[in-house]
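Please open the structure in your viewer and keep the selection panel at hand. The tour below proceeds by selection, stating at each stop what is to be found there.

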Amino acid sequence: MNNINWNEEVAKRKDELIKETQRFLEIESVLSEKEGKQTAPFGEGIEQSLQFLLHKGKSDGFVVKNVDHYAGHIEYGDGNELVGVLCHVDVVPAGDGWTSPPFSAEIRDGKIYARGAMDDKGPTMAAYYALKIVKELGLPLSKRVRIIIGTDEESEWRCVDHYFKKEEMPTIGFAPDADFPIIYAEKGIGDIEFKYELIETKEENETIKLQEFASGQRLNMVPDYAKAILQSKSHTNSIVEAFEKYVKKHSLIGKVEVEERKVEFEIKGVSAHAMEPNNGVNAGHHLTSFLTMLNLDSNGEAFLGFIENNLSHDSRGGKLNISYTDDITGDLTVNTGLIHYQASQGGKIGVNIRFPVTCKVEDVEQQLTKVALHNQFVLSKYNVSPPHHVAKDHPLIQTLQKVYEEQTGEEAKLLSIGGGTYARSLEAGVAFGPLFPGREDVAHQKDEYIYIEDLLKATAIYAQAIYELAK
């Protein structure tokens, strides 16, 4: 069985794989808890995507299971041991500025453009067709292989938490949700929230009152849009002039409108994954930096001043005094993903922190608590998924290195990342593709795409990997 030409097997199914990947990407599987119900806890689009895969698996003769609509799996093979391939069908919000509609799955220049093309619906289809090839070739396996399908990876991982309460844990496995060759170490991921309670003040004369501020949709995305509304008794012309000067100086796209005493601002930034905030332009930070130049009311000044002094334009935690780095996973990173403020209610700031493998997360929590209290804030949330690390000499890594080198002719170097994949759900799990070395990382960005060539190549690699791990 060592003479299988995996690339030829994928080529036989090329047209079907591309067509089905497009169909899958056309489903708008973005979290929508407002429409959530028992049969679709994270929204109809995500449930539709889950059902798409489960129905496809059943039609192709696999064993399938829907685990309370939180997750599902597609299984093939026999044996006591279980190999897991951990995928997810949910995607981050599309954002603005796409060349073609984000869920049209349009093909241009050899690429499929869609939200989720790279993260993680394209790779999920590659993994599915890889398992299908192994099944259709009738290859003998000594282990079961299970594609585990998550539905809440881009937010709180409630899907896999629920799934593994009811289903067995694979012995080994991989997640097709990052970079090739092999990611053996992942940073810890913290979702942190600072809360601001309004301070009672006397009516302030000749000040500008911050009525609203909103920026961001997800903690794991750099916000590409921010909006604020001020109430000003005077000086609106000077405020408008100052704003226009600011956006020009920083090469930003901005908009300002004045209606009687109300001044409304908008700034556009550049979205990026929170694992490296410097790849984006944080619209919330820029709007904060501008507004703190004005003579704001006490509450508005305190709220935005906290952001400006502790978070703005600092992705390494220097202002918070939590900077840290190690040789395995690099720098600690900080992303201000959410900012919300209402003059009648107060405000909250959502931050995503990526912790190096050797960083003590409890020390960071202690420092953030201190910073919050010093600025009349409260550290209202500190949820951390610990770092994940598999030893370099583990059989899983050695097998995947062999497969990658045979398929590509290139060295299978071991990598570490600031992102978090489902691989960390397993004791022995790594992230394995689909982004090949030298390719631009477009996950979570506008005009996200996957090269068709890479989709096919990844499918061949996954097929051989599944066979080698389970034979």
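Select Ile107 and Ile112: Ile112, in strand 5, is the bridge partner of Ile107. The model on display is a predicted one. Extend the selection to the two strands concerned, strand 4 and strand 5 (residues 111-113), which run antiparallel and are joined by 3 bridges.

Now add strand 24. The 3 strands form an open sheet with antiparallel pairing, in the order 4-5-24. Strand 4 (106-108) and strand 24 (449-451) are the edges; each has a single partner strand, so one side of each has no neighbour in the sheet. From one strand to the next, the twist averages 25°.

Two helices may be displayed against this sheet. Helix 2 (residues 14-25) lies across strand 4 and strand 5, and its direction is at about 15° to strand 5. Helix 11 (residues 452-470) lies across strand 4, strand 5 and strand 24, running at about 70° to strand 24.

**The nonpolar cores**

Keep helix 11 selected. Which residues have the most contacts inside the largest nonpolar core? They are Trp6, Phe174, Leu400 and Phe432, in a core of 72 residues. Helix 11 gives the most to this core, with 13 residues. Another core, of 47 residues, lies apart from it and includes Ala228, Tyr246, Ile322 and Leu368.

Centre the view on Trp6. Beyond its neighbours within four places in sequence, Trp6 is in contact with several residues, among them Ile133, Val134, Leu137, Gln407, Ala460 and Tyr467.

**Gln407**

From Trp6, move to Gln407, which lies in helix 10 (residues 395-408). Is Gln407 buried or exposed? Its relative accessible area is 17%, and since buried means under 20%, Gln407 counts as buried. Leaving out residues up to four places away in sequence, Gln407 touches Trp6, Asn7, Ala460, Ile461 and Gln464.

Two of these neighbours deserve a distance label. The side chain of Gln407 makes a polar contact with the side chain of Gln464, at 2.9 Å. A polar atom of the Gln407 side chain also lies 3.5 Å from the backbone oxygen of Ala460. For a C-alpha distance, select Lys457: Gln407 and Lys457 are 8.6 Å apart in space, C-alpha to C-alpha, and 50 residues apart in sequence.

**Salt bridges**

Side chains of opposite charge can pair when their charged atoms come close. Across the whole structure, a search finds 31 salt bridges. Select Lys132 and Asp60, which form one with their closest N and O atoms 3.7 Å apart. Lys132 lies in helix 4 (residues 121-136) and Asp60 in the loop between helix 3 (44-59) and strand 1 (63-67), so this pair ties together parts that are 72 residues apart in sequence. Lys132 is buried, with a relative accessible area of 6%, whereas Asp60 counts as partly exposed at 22%.

Add Glu136 to the selection. Lys132 forms a salt bridge with Glu136 too, the closest N and O atoms being 3.9 Å apart. Lys132 and Glu136 both lie in helix 4, 4 residues apart, about one turn of the helix. Glu136 is partly exposed, with a relative accessible area of 44%.

Next, select Arg316 and Glu276, whose salt bridge has its closest N and O atoms 2.7 Å apart. This pair links distant parts of the chain, 40 residues apart: Arg316 is in the loop between helix 8 (298-310) and strand 15 (325-326), and Glu276 in the loop between strand 14 (262-268) and helix 7 (283-291). At 24% relative accessibility, Arg316 is partly exposed. Finally, select Glu9, Lys12, Arg13, Glu16, Asp60, Lys132 and Glu136, which salt bridges with shared partners join into one network.

**The sheet of 8 strands**

The last stop is an open sheet of 8 strands, paired antiparallel in the order 13-14-12-11-17-18-10-19. Strand 13 (253-259) and strand 19 (377-385) are the edge strands, each pairing on one side only. On average, neighbouring strands of this sheet are turned by 20° against each other, direction ignored.

Within the sheet, strand 17 (residues 333-342) and strand 18 (residues 346-355) pair in the antiparallel sense over 9 bridges. Select Asn335 to find its bridge partner in strand 18, Asn352. Helix 7 packs on the sheet, touching strand 11 (208-215), strand 12 (225-232), strand 14 and strand 17, and its direction makes about 25° with that of strand 12. Helix 9 (residues 361-374) lies across strand 10 (188-196), strand 18 and strand 19, running at about 165° to strand 19.

Terms used:
Residues are numbered from 1 along each chain as its sequence is written. This is a predicted model: local features need pLDDT of at least 70, side-chain atom pairs count only at pLDDT 80 or more; totals for chains, interfaces and linings use all residues. Side-chain values use heavy atoms; hydrogens and water are left out. Two strands pair if DSSP finds at least two bridges between them. Axes are lines fitted to C-alpha atoms, for helices over the stretch in contact, and angles run from 0 to 180 degrees between N-to-C directions. Contact means heavy atoms within 4.5 Å. A nonpolar core is a set of buried Ala, Val, Leu, Ile, Met, Phe, Trp, Tyr and Cys residues joined through side-chain atoms within 4.5 Å. Buried means under 20% relative accessible area, exposed over 50%, partly exposed in between (1.4 Å probe, protein chains only). A polar contact is a pair of N or O atoms within 3.5 Å; within protein, one must be able to donate a hydrogen and the other to accept it, and residues adjacent in sequence count only if both atoms are side-chain atoms. A salt bridge is a side-chain nitrogen of Lys or Arg within 4 Å of a carboxyl oxygen of Asp or Glu.
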